[in-house]
Amino acid sequence: MGIPAHLVEKIIWWAGCPPYKGKIVLENLTPKEIVGYLDKYVIGQNDAKKTIAVALRNRYRRMQLSEEMQQDVTPKNILMIGSTGVGKTEIARRLAKMMNLPFIKVEASKYTEVGFVGRDVESMIRDLAVTSLQIVRESENEKNKEKIANYIENKIIEKLLPPLPAGASEQKKAEYDASFARMQERFAKGELDHLKVKVNVPNTPQMPEDGLPPQMIQVQESIVKVLGGMGKKGPEKEVTVKDAKKILEQEASEELLDEESLKALALEKVEKGGIVFLDEIDKVAVSSNSQGRQDPSKEGVQRDLLPIVEGSTVHTKLGMVKTDHILFIAAGAFHVSKPSDLMPELQGRFPLRVELDSLDEETLYRILTEPNNSLIKQYKALLRVEDVDLVFEESALRAISSYSLQANEKTEDIGARRLHTVMERILEEISFFADEHSGEKIVVDEALVKEKIGDVVEDEDTTRYIL
Ligand SMILES: Nc1ncnc2c1ncn2[C@@H]1O[C@H](COP(=O)(O)OP(=O)(O)OP(=O)(O)O)[C@@H](O)[C@H]1O
Ligand SMILES: [Mg+2]
């Protein structure tokens, strides 16, 4: 059973086909596959993983519906609740890596109410739009790889050869073509890489300042364009051919691709597929036990968030972005405040709640050892650079997990972050003297773990200060 022909084109566009730069094309993944991918990095937290996988798959499902139906299917936003260090941000970070969708992670606590100094909440949509444009540009560049490479090659060789004077004879033209062909061969072999050429180095794009009203952003953008030598080409600089190849990539992309259609694609992608991960949402909730003391700025941020989450229009460099179908995933520890301390209207806009479990000893052990790039793998890799073979005995790993749990129970529960402090303490000296042990094997056993942190964990005060 194949995919119906009329959907294929859509999927290909949507997925930014062909897959590039090792990014997995999320839209083709089932919820089970998304969870499978997350499992490689985040241990446990199955409810959260499942809920998010379904929400992401629903983005794709919605795309397959009729336009009319699509309008009515709004995303179900998610609120992740879990104490500190249990993997909330980690899940988002991993999703961002695998996705070919506009995705940004922002901290709710970084925003200030409109009208006050600081970033206003609408700027998250502007940032999302920029991300979308980057994704679309990268995938279009990839599709036009050859054209871009040709443009760069021709441009560089033209600069290296003495120019052909206007009205040159047929013979001169033929000679020029022959030298051009020879240069092309040498270019392909990298023989020209060390030569010097003059190229226009693009100006670094100036971001409009945050907190300005939309009209002002437009004005600022056009001023930057006019002052910046019509936006594109910057000052000429002499560089090696090798560097010129990189520098000319942007120019080639701008010359060959149609900016307006890129923007249109990016706009569609951000409106239909955009995802905002709103971390630290609990920090803008006003705790009910603050005894009537209200924090107007926190409430202000919540009030500003409401229309964006509910669906409004934000001015961005892609034009007006409708936020109705952008998916919001909020996360917070809610130690002090409760989800019910958020404005009721805002609570209602996050209908899916998932709780993340706190970490027990077995989970800590698995986090230490299992994930791709787990802490143990990281430390081993770091010391391999010094030609030291760092080996952990099974009993040592168990002891580390057990002490970490004890420390979490005795003082604050900081989740898996405790593993970092404990490991640092154990490996402090080994790391410091590693260069003296080049070519050797260093074994971390239970006794060493006990020696380094056994006494510390025994005492609550030392735990507080040292771990
Ligand atoms: N379930 C888990 N699986 C693998 N690694 C984890 C897990 N939980 C936490 N970690 C690791 O612990 C560290 C902190 O996790 P993370 O940043 O996700 O915490 P958080 O839940 O967002 O906490 P906070 O509320 O303080 O922001 C990260 O380095 C992460 O890799
Ligand atoms: Mg976090």
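Trainee: Is Ser358 buried, exposed or partly exposed, and how many other C-beta atoms lie within 10 Å?

Mentor: The general idea is to count neighbours, with 20 or more marking a buried residue and 12 or fewer an exposed one. In this predicted model, Ser358 has 14 other C-beta atoms within 10 Å, so it is partly exposed. Ser358 sits in the loop between β9 (352-355) and α14.

Trainee: With which residues is Ser358 in contact, leaving aside its neighbours within four places in sequence?

Mentor: Apart from those sequence neighbours, the contacts of Ser358 are Ser83, Val86, Asp413 and Gly415. A separate C-alpha to C-alpha distance puts Ser358 and Gln45 9.1 Å apart in space, although their positions lie 313 residues apart in sequence. For the protein as a whole, among contacts between residues at least 6 apart in sequence, 79% join residues at least 24 apart.

Trainee: Which residues are the closest to ligand 1, and how many surround it?

Mentor: A shell is read by listing its members, then asking which elements and domains supply them. Here 18 residues surround ligand 1, and the closest are Thr84, Gly87, Thr89, Glu90 and Ala416. Helix α5 (residues 88-98) gives the largest share of that shell, 3 residues. Sorted by class, the shell holds 7 nonpolar, 8 polar and 3 charged residues.

Trainee: Why does ligand 1 lie between domain 1 and domain 3?

Mentor: Both domain 1 (5-135 + 265-355) and domain 3 (361-466) give residues to the shell around ligand 1, and therefore ligand 1 lies between them.

Trainee: Where is the kink in helix α18 centred?

Mentor: A kink is read as a change in the direction of the helix axis. In helix α18 (residues 446-458) the kink is about 40° and is centred on Lys452. Val449, Ile453 and Val457 are buried in α18, and the buried residues of this helix pack against α16 (394-410), α17 (417-433), β11 (441-444) and α19 (460-466).

Trainee: Which value does phi of Phe334 take, positive or negative?

Mentor: One reads the sign of phi together with the residue type and its surroundings. Phe334 is a residue other than glycine with a positive phi, near 50°, and Phe334 lies in the loop between β8 and α13. Phe334 has 21 other C-beta atoms within 10 Å and is therefore buried. Asn373 also has a positive phi in a residue other than glycine, near 60°, and lies in the loop between α14 (361-369) and α15 (375-384). Asn373, however, is exposed, because 10 other C-beta atoms lie within 10 Å of its own.

Trainee: Where is the place of His194?

Mentor: His194 belongs to the loop between α8 (170-189) and β3 (196-200). With 9 other C-beta atoms within 10 Å, His194 is exposed, and its C-alpha is 9.2 Å from that of Val239, 45 residues apart in sequence.

Trainee: Why does Asp341 count as partly exposed?

Mentor: Asp341 has 19 C-beta neighbours inside 10 Å, while a buried residue needs 20 or more, so Asp341 counts as partly exposed. Asp341 is found in the loop between β8 (327-332) and α13 (344-348), with Val284 9.4 Å away, C-alpha to C-alpha, and 57 residues apart in sequence. A helical case is Lys147, which lies in α7 (residues 145-160) and counts as partly exposed with 15 C-beta neighbours inside 10 Å. The C-alpha atoms of Lys147 and Leu256 are separated by 7.8 Å, the two residues being 109 apart along the chain.

Trainee: What is the mean pLDDT of the protein?

Mentor: The mean pLDDT is 85, and 86% of the residues reach 70 or more. Over residues 1-24, however, pLDDT stays under 50, and the model has 24 contacts beyond four places in sequence for this stretch. Where pLDDT is low, predicted coordinates should not be read in detail.

Trainee: How many helices and strands does the protein have?

Mentor: The protein has 19 helices and 11 strands, and buried residues make up 30% of its 467 residues.

Methods:
Residues numbered from 1 in each chain as written. Chains lettered and ligands numbered in written order. Predicted model: local features only at pLDDT ≥ 70, side-chain atom pairs only at ≥ 80, totals over all residues. Bend = angle between axes of the 7 residues up to and from the residue. Helix = DSSP H or I, 4+ residues; strand = E, 2+ residues; numbered from the N terminus. Contact = placed C-beta atoms within 7 Å. pLDDT = per-residue confidence, 0-100. Near = placed C-beta within 6 Å. Nonpolar A, V, L, I, M, F, W, Y, C, P; charged D, E, K, R; others polar. Domains from an automatic or database assignment.
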